[in-house]
Amino acid sequence: MTYSPSIEVLMNLAVHEAQAGGYTEILPEHLVMALTKMSEIAPDILGKLIEASFPLAKYREEVEALKERFTSVTSDTKGLRREIRKRLGPGPGNRPGQMMHRSKEAKDLFKAAETYVGKAGFNRVTPELLLVVILILPPSMLLMELLKAKDIPLAELLAKKDQDKPGEQEPPKAAQGVAGLAELTILLKEMRTRLLDTVFGQGQ
């Protein structure tokens with residue numbers, strides 16, 4: 001599984017969000033905020049940061065797909081970003097020029113994206129598909145609460161996953177963070193017919 005070159009632009013935006021908030025690592029929330037920014041900024045501006053081998057037209061196409069996918073979440077991406085910043089709060093502080101790495105939760109999110117996107121038949125992870133995976137499996141309690149507050153069906157479906165099994169009263173495991181790859185594979189099989197075919201059914 002490979003990543004679209006546009007993911008590099010996304011990571012630069014996520015680093016900026018983490019640094020501006022005083023964090024020492026990139027959290028899933030920073031990735032979501034970066035996705036909102038990517039959907040807002042004119043492709044011709046950020047597209048210049050991508051390697052020359054990746055056509056600007058392809059980058060525009062991926063940004064448009066991301067914008068369209070965001071319509072299932074909110075019509076106010078700036079408002080969503082402000083809400084995440086407010087609820088995330090300030091970080092412990094960082095040093096100027098400090099190297100910024102992904103947190104364990106962020107790394108697990110990318111692993112989940114590789115699994116889901118590969119199983120769905122795509123050959124690389126794009127910003128839009130990364131957003132889809134976040135909607136399917138919110139990587140933090142904060143994001144899950146925000147998605148629930150906005151009545152996002154994908155988050156609700158996941159929250160009901162364990163509740164559908166009689167005799168089990170445990171809270172949804174997604175609230176505890178991204179699950180292991182083995183569990184993701186099982187979850188994918190369970191949800192393919194009622195969820196993934198709808199999300200990814202628009203072609204490859």
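This is a short tour of the structure, one selection at a time.

**Start with the whole chain**

Colour the model by confidence before anything else, since what you have open is a predicted model. The mean pLDDT of the protein chain is 76, and 72% of its residues reach 70 or more. Now select residues 154-182: pLDDT stays under 50 there, and the model has 52 contacts for this stretch beyond four places in sequence. Residues 191-197 also have a pLDDT below 50, with 14 contacts in the model beyond near neighbours in sequence.

Switch to a cartoon view next. The protein chain has 10 helices and 4 strands, and from the N terminus on they run β-α-β-α-α-α-α-β-α-β-α-α-α-α. Of the contacts in the protein chain with a separation of 6 or more, 73% are between residues 24 or more positions apart.

If you turn on a surface, the accessible area of the protein chain is about 10300 Å², and carbon and sulfur atoms hold 51% of it. Of the 204 residues, 50% count as buried.

**Stop one: Ser-4**

Select Ser-4, in the loop between strand 1 (2-3) and helix 1 (6-20). Is Ser-4 buried or exposed? Ser-4 counts as buried because its relative accessibility is 2%. Show what surrounds this residue: leaving aside neighbours within four places in sequence, Ser-4 is in contact with Phe-54, Glu-62, Arg-124, Val-125 and Thr-126. Draw a distance to Glu-62, and you will find a polar contact between the two side chains at 2.8 Å.

**Stop two: from Glu-62 to Arg-124**

Keep Glu-62 selected and add Arg-124. These residues form a salt bridge, and their closest N and O atoms are 3.7 Å apart. Arg-124 belongs to strand 4 (residues 124-125) and Glu-62 to helix 4 (residues 56-70), so the pair ties together parts that are 62 residues apart in sequence. Look at the cover on each partner: Glu-62 is buried at 7% relative accessibility, whereas Arg-124 is partly exposed at 24%.

**Stop three: Arg-69 and Glu-128**

Stay with helix 4 and select Arg-69, then Glu-128. Here the salt bridge has its closest N and O atoms 2.9 Å apart. Glu-128 lies in helix 7 (residues 127-136) and Arg-69 in helix 4, so this pair ties together parts that are 59 residues apart in sequence. Arg-69 is buried, with a relative accessible area of 17%, and Glu-128 is buried too, at 15%.

**Stop four: Glu-40 and Arg-81**

Move to Glu-40 and Arg-81, whose side chains meet in a salt bridge at 2.9 Å, N to O. Which elements does this pair tie together? Glu-40 lies in helix 2 (residues 28-40) and Arg-81 in helix 5 (residues 77-88), so the link joins parts 41 residues apart in sequence. Arg-81 counts as buried at 8% relative accessibility, while Glu-40 is partly exposed at 27%.

**Last stop: a network**

Finally, select Glu-17, Lys-37 and Arg-85 together. A network of salt bridges links these residues. As a reminder for reading such views, side chains of opposite charge can pair when their charged atoms come close. If you would like to keep exploring, the model has a count of 10 salt bridges, including the Arg-69 to Glu-128 pair you have already visited.

How values were computed:
Residues are numbered from 1 along each chain as its sequence is written. This is a predicted model: local features need pLDDT of at least 70, side-chain atom pairs count only at pLDDT 80 or more; totals for chains, interfaces and linings use all residues. Side-chain values use heavy atoms; hydrogens and water are left out. pLDDT is the predictor's confidence in each residue, from 0 to 100. Contact means heavy atoms within 4.5 Å. Helices (H or I, at least four residues) and strands (E, at least two) are DSSP runs, numbered from the N terminus. Buried means under 20% relative accessible area, exposed over 50%, partly exposed in between (1.4 Å probe, protein chains only). Accessible areas come from the Shrake-Rupley method with a 1.4 Å probe; for residues, only the protein chains shown count as cover. A polar contact is a pair of N or O atoms within 3.5 Å; within protein, one must be able to donate a hydrogen and the other to accept it, and residues adjacent in sequence count only if both atoms are side-chain atoms. A salt bridge is a side-chain nitrogen of Lys or Arg within 4 Å of a carboxyl oxygen of Asp or Glu.
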